[in-house]
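Visitor: Hello! Could you show me how to read the features of a structure that is new to me?
Guide: Gladly. Let us look at the model together and take one feature at a time.

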Amino acid sequence: MKIAFLGGGNMARALIGGLIARGMKPGTISVVELLPAARRKLTARYKVHASAAADARTASADTLVLAVKPQDMRAAVAPLAAGAAGKLVISIAA
């Protein structure tokens, strides 16, 4: 299974850490995160793929986790709408 996170904040990092602790391989996890410093932290700490925008890894994921603030959700998911068909989409927005 491949999983992509839209947003790499506290909640996403907690889930990523838990998934890896339970045996999920970091190479199967990708994160779309706008902030360069946050992307660097994600790749350094968890060894996951992190990008500034959706890419081939995001497109190939089986599961998409929406981990952005509610007020940012519409703008964040708009570029992903066409590629979300057939994926399990989970929102952890408050």
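Guide: Let us begin with how residues are sorted by class: Ala, Val, Leu, Ile, Met, Phe, Trp, Tyr, Cys and Pro count as nonpolar, Asp, Glu, Lys and Arg as charged, and the others, Gly among them, as polar. Please also keep in mind that this is a predicted model.

Visitor: How many residues of each class are in the lining of the largest pocket?
Guide: The lining has 21 nonpolar, 4 polar and 4 charged residues. The pocket itself holds about 660 Å³ of space.

Visitor: Which residues of the lining lie nearest the centre of that pocket?
Guide: Of the 29 lining residues, Gly7, Gly8, Glu33, Ala67 and Val68 are the ones nearest the centre.

Visitor: Which helices supply at least two residues each to this lining?
Guide: Helices α1 and α4 (73–77) do. The largest share, 4 residues, comes from α1.

Visitor: Then let us turn to α1. What span is expected for this helix, and what does it reach?
Guide: A helix span is judged against 1.5 Å a residue. Helix α1, residues 10–21, has 12 residues and reaches 16 Å from its first C-alpha to its last, close to the expected 16 Å. After α1 comes Gly23, with a positive phi near 105°.

Visitor: Is Ala12, in that helix, buried or exposed?
Guide: The cut-off to remember is that buried means under 20% relative accessible area. Ala12 is found in α1, and it counts as buried because its relative accessibility is 1%.

Visitor: What does Ala12 touch, beyond residues up to four places away in sequence?
Guide: Ala12 touches Phe5, Gly7, Ala67 and Ile92. You can also compare places along the chain with places in space: Ala12 and Ile90 are 78 residues apart along the chain, and their C-alpha atoms are separated by 12 Å.

Visitor: Now the strands. Which way do side chains point in a regular strand?
Guide: In general, the side chains of a regular strand alternate between the two faces of the sheet. Here, strand β1 (residues 3–6) has Ile3 and Phe5 pointing one way and Ala4 and Leu6 the other way, and all are buried. Strand β4 can be read in the same manner: Thr63 and Val65 point one way, Leu64 and Leu66 the other way, and all are buried.

Visitor: In which sense do β1 and β4 pair?
Guide: They pair in the parallel sense, over 4 bridges. One bridge to look for joins Ala4 to its partner Leu64 in β4.

Visitor: Which residue stands opposite Ala4 in β2?
Guide: That is Ser30. Strands β1 and β2 (residues 29–32) pair in the parallel sense over 4 bridges. Strand β4 also pairs with β5 (residues 88–91), in the parallel sense over 4 bridges, and there Val65 has Ile90 as its bridge partner.

Visitor: Let us look at two residues of β4. Why does Leu64 count as buried?
Guide: Leu64, in β4 (residues 63–66), is buried because its relative accessible area is 7%. Leaving aside neighbours within four places in sequence, Leu64 is in contact with Ala4, Leu80, Leu88, Val89 and Ile90.
Guide: Thr63, also placed in β4, is buried because its relative accessible area is 4%. With neighbours within four places in sequence left aside, its contacts are Met1, Lys2, Ile3, Ala4, Leu88 and Ile90.

Visitor: What about Ser51: which strand holds it?
Guide: Ser51 lies in β3 (residues 49–51) and is buried, with a relative accessible area of 10%. Beyond neighbours within four places in sequence, Ser51 is in contact with Val31, Val32, Glu33 and Arg39.

Visitor: And is Lys47 buried or exposed?
Guide: Exposed means over 50%, so Lys47, at 58% relative accessibility, counts as exposed. Lys47 sits in the loop between α2 (36–46) and β3. Its phi is near 65°, a positive value in a residue other than glycine.

Visitor: Where can I find Arg45, and how would I read its accessibility?
Guide: Arg45 is in helix α2. At 63% relative accessibility, Arg45 counts as exposed. Arg45 and Ala84 are 39 residues apart along the chain, and their C-alpha atoms are separated by 28 Å.

Methods
Residues are numbered from 1 along each chain as its sequence is written. This is a predicted model: local features need pLDDT of at least 70, side-chain atom pairs count only at pLDDT 80 or more; totals for chains, interfaces and linings use all residues. Side-chain values use heavy atoms; hydrogens and water are left out. The expected span of a helix is 1.5 Å times one less than its number of residues. On a 1 Å grid over the protein atoms alone, a cavity is a set of points where a 1.4 Å probe fits but cannot get out, and a pocket is an open set with protein on both sides within 12 Å along at least five of seven lines; lining residues have an atom within 4 Å of a point. Grid points are joined across faces, edges and corners, and a volume is the space filled by probe spheres set on the points. Buried means under 20% relative accessible area, exposed over 50%, partly exposed in between (1.4 Å probe, protein chains only). Contact means heavy atoms within 4.5 Å. Two strands pair if DSSP finds at least two bridges between them.
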